[in-house]
Amino acid sequence: MRPTAKFSISFGLVTIPVAAYNATDTSASVSFVRIHTADGGRVRNQPVCSLEGTEVSPDEIGRGYRPHDADVVVPLSDEDLDALPLPTAKTLTILAFVAGGDIDPLQMGKGYYLATDSPAAAKPYVLLREAMERHERVGLGKIALHGRETLAMIRPMGDALVMQVLLWPHQIRPMDGVLPEREVEVHPNEVAAAETLMDSFGELSEEDLHDHYRDALEELVSAKLAHREPEFDTGEEQPSGGQVMDLMAALQDSVRAAKRSRGEDEGDEGRAAAKRPAKKAAAKTSTASGTKTGAKAGAKSGTKTASGAATRSAAKKSTAAKSATKKTAAKTTAKKKTASRGSRRAG
């Protein structure tokens, strides 16, 4: 692998000569070529001079800059660019060490492996890597790559240092028109169900990180060359993209589907579901039994109460009858005494 650039990392008074190697390979991704649909001929992007109308070879192509306030292009040579008083032309000066989570992922650009470019760079290289790893920080600085200055992040990765090119903050577009037009209320039980679904996903597998689209495309091309029907490995059926009407039901179904996809035993869930009706039935039986017992106890209590009330009523009647008899007897005795006195006076 050939280095794409050579420069020095500088933090404080420490300087580390490094060479940058491309960490990504875009040639392995799926790419198409443009063709003429009438005959299948290739349509190429040929460099043509706008003044002469002739094709230009790569050796004759240079760089120019067009100012914003002028309709003219100023030619610039490599010597002109090297003569610029730009501290970042050959040095990545670390300006600050920050937590990796403070970097907006939208700013992440192309990545480079950084290797030591001299034997003397080995010790400061390892020192910087271990210090950032122990302190859990990444370095932010600026570097001029391919004729333009850019932000860059240095971070440890295993036993190596990696440089990530960052976009400038003004290159990140605002979120106008992205957020929902109205405020959406999310209930705590829905958030809990979503967290359960997240936990059910598990870890990534090697199969998940495989480019199945590339395989399918190569099979399609092979089938066309062999004049046969393509044979695709469809795998599991993908869910449709219909509108979700019941969010909670969709979350719960997704959790069950995720467990099935990992081959987890659903017997425990089934047994738990079977126990729930049994518990409900037992609760109903207990409630019914308690109701019947309470009814019997209430009936007995009512009988005793009624019996007691009748006894007390009878006793009151008997007492009233005796009192009336005594009063009648007293009146009769009084009448007899009065009659006796009247008879003695007459004699």
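**A barrel and its helices in a predicted model**

Q: Is E219 buried or exposed, going by its relative accessibility?
A: This model is predicted. The relative accessibility of E219 is 18%. Buried means under 20%. E219 therefore counts as buried.

Q: In which helix is the place of E219, and which residues does E219 touch?
A: The place of E219 is in helix α4. Leaving aside residues up to four places away in sequence, E219 touches R228, P230, E231 and F232.

Q: By what distance are the C-alpha atoms of E219 and F232 separated?
A: E219 touches F232. The two residues are 13 residues apart along the chain. Their C-alpha atoms are separated by 7.4 Å.

Q: What span should α4 have, and how far apart are its end C-alpha atoms?
A: α4 has 14 residues. At 1.5 Å a residue, it should span 20 Å. The end C-alpha atoms agree with this, being apart by 20 Å.

Q: Which residue that follows α4 has a positive phi?
A: Look in the loop between α4 (212-225) and α5 (247-261). The residue there is not a glycine, yet its phi is positive, near 55°. It counts as exposed, at 75% relative accessibility. It is H227.

Q: How far apart are the end C-alpha atoms of helix α2?
A: Helix α2 covers residues 122-135, which makes 14 residues. At 1.5 Å a residue, it should span 20 Å. Its ends agree with that, at 20 Å.

Q: Within what arc do the buried residues of α2 fall?
A: The buried residues of α2 are P124, Y125, L128, R129 and M132. Seen down the helix axis, they line one face. That is so because they fall within an arc of 135°.

Q: Which exposed residues does the face of α2 turned away from its buried side carry?
A: In an α-helix there are 3.6 residues a turn, so residues three or four places apart point the same way. In α2, L128 and M132 are among the buried residues. The face turned away from the buried side carries K123, L127 and R134.

Q: Which residue just after α2 takes a positive phi?
A: The residue lies in the loop between α2 and β7 (138-145). Its phi is about 55°, although it is not a glycine. It is exposed, with a relative accessible area of 62%. The residue is E136.

Q: In what order do the strands of the closed barrel run?
A: The barrel has seven strands, with mixed pairing. Neighbouring strands of this sheet are turned by 40° against each other on average, direction ignored. The order is β1-β2-β6-β9-β8-β7-β5.

Q: Which residue in β9 stands opposite G111?
A: Strands of a sheet pair through backbone hydrogen bonds, either parallel or antiparallel. Strand β6 (residues 108-116) and strand β9 (residues 160-166) pair in the antiparallel sense. Five bridges join them. Opposite G111 stands Q164.

Q: How many bridges join β7 to β8?
A: β7 is mostly covered, with six of its eight residues buried. β7 and β8 run antiparallel. In this pair, K142 stands opposite L151. The number of bridges between the two strands is seven.

Q: Which residue in β7 is the bridge partner of A96?
A: β5 and β7 run antiparallel. Five bridges join them. The partner of A96 is L140.

Q: Which residues have the most contacts inside the largest nonpolar core?
A: This core has 22 residues. Elements giving it two or more residues include β2 (14-22), β5 (91-98), α2 and β8 (148-157). Its largest share, four residues, comes from β1. The residues with the most contacts inside the core are F7, I9, L114 and M163.

Q: Which residues of β7 or β8 numbering, from 143 to 154, does M163 touch?
A: M163 is one of the residues with the most contacts inside the largest core. Not counting residues up to four places away in sequence, M163 touches F7, L92 and L114, among others. Between 143 and 154, M163 touches I143, L145, A152, M153 and I154.

Q: Which residues does the second, separate core include?
A: This core has five residues. Among them are I103, L151, M153 and L166.

Q: Is S10 buried or exposed?
A: S10 lies in strand β1. Apart from residues up to four places away in sequence, S10 touches T15, T91, L92, T93 and I94. Its relative accessibility is 14%, and buried means under 20%. S10 therefore counts as buried.

Notes: Residues are numbered from 1 along each chain as its sequence is written. This is a predicted model: local features need pLDDT of at least 70, side-chain atom pairs count only at pLDDT 80 or more; totals for chains, interfaces and linings use all residues. Side-chain values use heavy atoms; hydrogens and water are left out. The expected span of a helix is 1.5 Å times one less than its number of residues. Buried means under 20% relative accessible area, exposed over 50%, partly exposed in between (1.4 Å probe, protein chains only). The arc is that of the directions from the helix axis to the C-beta atoms. Two strands pair if DSSP finds at least two bridges between them. Axes are lines fitted to C-alpha atoms, for helices over the stretch in contact, and angles run from 0 to 180 degrees between N-to-C directions. A nonpolar core is a set of buried Ala, Val, Leu, Ile, Met, Phe, Trp, Tyr and Cys residues joined through side-chain atoms within 4.5 Å. Contact means heavy atoms within 4.5 Å.
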